Amino acid sequence: MRLRNSRVRTKVVALLLSLAALWGFAAWVTLREGVNLLFVNTFDQGVAQPSDPLVLALQDERRATVVQLATRRPLPDMAGLRAKTDQTRAHFENLARGDDVRFASSPDTMKRLDELFGLLAGLTDIRKAVDQGRINREQAADGYTRALDAIFRTYFSVATLDDDEIAKDARTYISLQRAREVLSQEDALLAGAIAAGRFGAGEHAKFVQIVGAQRFQTAEQVGELRPSDRAHFDTLLESDAFTRLRQAENAVMERGRTLEAPPVTADQWKQTTSVALGRMMDEVLAGGDRVVERATPVALGVIVRLVLAGGLGLVAVIASIVLSITTARRLIAQLEKLRDAAHQLADERLPGVVERLAHGEKVDVAKEAPPLEFGGDIIGQVGQAFNAVQETAIRTAVEEAELRQSIRDILLSLARRTQSLVHRQLTLLDVMERRETDAEELKDLFRVDHLATRMRRNAENLIVLSGATPARAWRRAVPMVDVVRGALAEVEDYTRVTIMPMGQVDLTGRAVGDVIHLLAEVIENAVSFSPPYTVVQVGGHPVASGYAIEIEDRGLGMTQEDLDEANARILNPPEFNLSSTARLGLYVVSRLAERHGIRVSLKSSPYGGTTAVVLLPSELVIDDRPADIPPAEQLPEALPRLAEVTMLAAPVAQLTRRRPEPEQDTPVAPRVPEATVTEFTPSGLPFRVPQASIAPSLRDAVDDLAEPEEEDDERSPEDIMRIMGSFQSGTRRGRSDAARKLQQNEEGDDR
């Protein structure tokens, strides 16, 4: 149950975590805008603003470098330009390499910054090459242009606000500043050509390309501006400065030729381009300021949303957590109350009701299932449903117990009636056996007697299943070998059973009937599950804790899983269920063994079959062995022959001994029906054969007793008939005398 509660708590915690995650996502969406705003500001202060002076310094140094290479003499202001470039470069790198810029920059931005730092570091080599005259004007200009292009590429990689219009305006002004850079390239190229006095190879064509690119890019980006911003640039492009610039560009493109002097002078070109570049730079910076002004409300909105989403959202989340925890606690408390009631019903009240019903007590369903109060909410409705469930469960248990008791009473009634009829049948068969002298008829009577004995065991199975005790009981102890023989009398295929020596041990009378029944069930199971050509051996011997009887078959055996299951069923017999008829014999064996503390276990036999060990406790066993037994070498040589004759005569003595009357009104005793002995098994025990064939064996036994072995001769049929008549007469007289003696003893006991 604690696990279930923990699951409920886990689900509540998961719900709260999902709510917190939802708040975190909303807060992050708003916070990201603030972070972008912070990053843009950081990048602007660390990269964009210090890069503007660097761009102007690089453009001026590039123009001076191209002019110096064209005139082939050092310019007087070259050192100042280079110093200014180095100063702005140092300031830029100092700010751009800061930790705040690195934190605010993306990996792509840092990659572009590192590339820019490398190109700026390469300016030293370009200057040396220029001073030594190892490169031309185009190569020198390309070195500075690559550094300037790297600066502009860093602008496009920086994070921007999530406002599309402002982001578009920022990109447009960056592109316009790059268009100014193209105009600066145009200025440097033509200034070098004027200083050299002519256009170099390909310079005029390149100038035309640069002018076209500059005009196209300027017009394209101006068209992308807002109408208010576009008006400023339209005014700029229509001003005198740009008009003179376009006229000068047109003159150069129209009249300029390769290897000829440009059609404009250096002063004219410088005045024209310097004014245009300055006016364009001022307009770009003014446009950037306007973009910042428009971005200010957006930034304020970002801050407001951040406060609302972060502050008020956090308050809402905390309130939800508190409400969820209190609600979950109340819910869990009600569920725990319902759980405890269910446990009490399942573990205490319902088993107690069933136990009292098993003892025959009356149970009040309303008293045993009191209604529980859980309130009127949904949990209360579940509690009401549980009240109906527990009432139905207890009522069903009462009805099932009554039904089971009724079934047991029916089984017991049928078993008692069947047992009474079988008892009367056995009594009648006993009288008929006493009167009968014909061997064939006596054989059939013994067969019927055997069938009736088996029917009696089946009736006793019903009594065991009903929970009652069979009526068979003995006052006196019975020899163990007779107990085993009585069990064989209740087995159908008893001729396949070989009895090993059992020893001089008796079984107490109170356990004789149940042990016979138990052994019969085990022996019949061994005979049934082994091939018909095999034998089943039954042997017994005293052990430290009592007496052990082993029943071993030569069948197919059982798997270890089946053996474990069968032993568990015998050791802990389950409640009898009408549907569990597959192992009914094991259930009967377990109940009989439980009644007297007998331990029954199954194990694999070395011959491939199964061995059943029945361990009788010491209090059920009486040892009748004499105190002093002489060694075997001191016994007379004729003892084996005498033992053989005694074993031959034992079945005859069994026939002459009347069945002892039990304490109850049903006579039951171990019987050896329709069987005597004609020959021995390899173990020394006799085979059972029909009564009609007993004469030769008895004749041999009597001859061996009457005459020495060497004087054995053939008996005539008349002698054999006379001997058999004497045996039959003695049997009838012995039965009559035994019955009269038993009747006198019972009358004496009654008095």
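**Figure 1. Surroundings of isoleucine 551 in the predicted model.** Beyond its neighbours within four places in sequence, isoleucine 551 is in contact with Leu519, Val522, Ile523 and Ala526. Its other contacts outside that stretch are Val536, Gln537 and Val538, together with Thr610, Thr611, Ala612 and Val614.

**Figure 2. The largest nonpolar core.** This core has 46 residues. Ile551 is among the residues with the most contacts inside the core, as are Leu518, Leu519, Ile523, Ile549, Val614 and Leu616. Helix H16, spanning residues 512–528, contributes the largest share of the core, 10 residues. A second core of 31 residues is separate and includes Leu189, Leu225, Leu237 and Val291. Nonpolar side chains tend to be buried together in soluble globular proteins.

**Figure 3. An open sheet of three strands.** The strands follow the order S1-S3-S8, with antiparallel pairing. Strand S1 (478–479) and strand S8 (621–623) are the edge strands, each pairing on one side only. Between S1 and strand S3 (residues 505–507), the antiparallel pairing runs over two bridges. Here proline 479 stands opposite aspartate 506 of S3.

**Figure 4. The protein chain as context for the close-up views.** The chain contains 21 helices and 10 strands. Of its 751 residues, 42% are buried. Among contacts with a separation of 6 or more, 76% join residues 24 or more positions apart. The protein chain exposes about 39,600 Å², and 56% of this area is supplied by carbon and sulfur atoms.

Notes:
Residues are numbered from 1 along each chain as its sequence is written. This is a predicted model: local features need pLDDT of at least 70, side-chain atom pairs count only at pLDDT 80 or more; totals for chains, interfaces and linings use all residues. Side-chain values use heavy atoms; hydrogens and water are left out. Two strands pair if DSSP finds at least two bridges between them. Helices (H or I, at least four residues) and strands (E, at least two) are DSSP runs, numbered from the N terminus. Buried means under 20% relative accessible area, exposed over 50%, partly exposed in between (1.4 Å probe, protein chains only). Contact means heavy atoms within 4.5 Å. Accessible areas come from the Shrake-Rupley method with a 1.4 Å probe; for residues, only the protein chains shown count as cover. A nonpolar core is a set of buried Ala, Val, Leu, Ile, Met, Phe, Trp, Tyr and Cys residues joined through side-chain atoms within 4.5 Å.
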